[in-house]
Amino acid sequence: VLHSHPSWLVRRWIERYGAQTAEELLRSNNRHAPLIIRVNRLRNTRDELLGMLADQGAEARRTASSPVGIELLSSPGLTGLPAFKEGRFFVQDESAQLVGLLLGPQPGERVLDACAAPGGKATHIAELMENKGEVVALESEQKRMGRISENSSRLGITIIRPVQGDAAIYKEKEFDRVLVDAPCSGLGVLRRHPDGRWTRNEESIKERGKLQARILANCARLVRPGGVLVYATCTTEPEENEEVVNGFLAKHPAFTLDDPLPHLPAAAAKFSGPDRFFRTFPQEPMMDGFFAARLVRAT
């Protein structure tokens with residue numbers, strides 16, 4: 001009642017994290033989320049963008065963990081900034097930026113973003129690839145595909161190919177790398193979507209886990225031998241995270257769980273534990289709650 005969260009979720013977090021940590025997480029969900037942007041490295045460096053933002057009347061500072069992140073403390077209006085219109089940045093939380101780094105895409109590769117709209121991670125992948133190669137941005141809803149194209153165009157990215165399709169059954173030739181940013185309960189981003197705490201329940205979490213397992217198994221077939229698959233969610237619950245990945249690995253011996261540390265900046269090393277999973281929740285309450293696993297297919 002004090003922190004306005006459903007009792008089933010409070011119980012889960014107390015059982016998993018302890019009362020003190022659980023209460024801090026509840027408090028953090030009721031605070032305003034910081035406004036974080038990702039530098040478009042195709043058009044400027046972080047230092048260059050910081051200078052431009054200052055000249056345009058915005059107050060900003062570097063993020064602590066992501067090397068391409070900036071926190072906007074104040075501005076005369078985000079979309080009115082010339083830097084926004086010129087495609088010099090994309091609004092994306094720091095934790096989501098780190099997920100893109102985990103995939104480690106290289107110029108000239110063929111990459112699949114299996115659940116792509118509105119294109120935040122797809123455009124980040126393309127930037128990391130220096131706009132060389134191909135990024136297939138798969139999205140199931142036709143009405144959301146336009147946002148991928150709009151964001152790509154504003155950022156000056158030409159290698160993204162939006163495709164309508166269902167990630168649980170999609171068939172294509174093999175990819176060098178695949179990102180499965182799976183549809184989830186969103187319990188890691190309740191501060192941005194507070195209604196989610198009242199529209200989710202324990203049964204819906206289990207149902208999401210079944211869908212996520214189907215998507216992961218199908219997308220794994222699209223990874224070439226020696227390729228990389230990153231499974232990610234913005235939720236906190238094991239049924240959608242660890243249990244999905246561990247269940248997948250038990251049935252797919254060709255894949256192994258890779259160490260994320262070599263692919264993360266030193267400042268983000270604390271988000272990887274001995275189990276080799278990436279988590280920003282509850283380790284960093286001021287960031288969105290993300291989970292990720294980097295999987296490698298045997299050659």
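Here are two short exercises on strand 5 and the nonpolar cores of this predicted model.

Residues are numbered from 1 along each chain as its sequence is written. Local features need pLDDT of at least 70 and side-chain atom pairs pLDDT 80 or more, while totals for chains, interfaces and linings use all residues, and side-chain values use heavy atoms, without hydrogens or water.

**Exercise 1.** Work out which strands pair with strand 5, and whether its faces are buried or exposed.

*Solution.* Start with the terms: helices (H or I, at least four residues) and strands (E, at least two) are DSSP runs numbered from the N terminus, and two strands pair if DSSP finds at least two bridges between them.

- Step 1: Strand 5 (residues 110-113) runs parallel to strand 6 (residues 134-139), with four bridges; Arg 110 has Glu 134 as its bridge partner there.
- Step 2: Strand 8 (residues 175-181) also pairs with strand 5 in the parallel sense, over three bridges, and its Val 178 stands opposite Leu 112.
- Step 3: In a regular strand, side chains alternate between the two faces of the sheet. Here Arg 110 and Leu 112 take one side, Val 111 and Asp 113 the other, and all are buried (under 20% relative accessible area, 1.4 Å probe, protein chains only).

**Exercise 2.** Find which element gives the most to the largest nonpolar core.

*Solution.* A nonpolar core is a set of buried Ala, Val, Leu, Ile, Met, Phe, Trp, Tyr and Cys residues joined through side-chain atoms within 4.5 Å.

- Step 1: The largest one has 36 residues, and Val 135 is among those with the most contacts inside it.
- Step 2: Helix 5 (94-103) is one of the elements giving two or more residues, and with six it gives the most.
- Step 3: A separate second core has 30 residues, including Phe 175 and Leu 216.

Key
Buried < 20%, exposed > 50% of the residue type's maximum accessible area, 1.4 Å probe, protein only.
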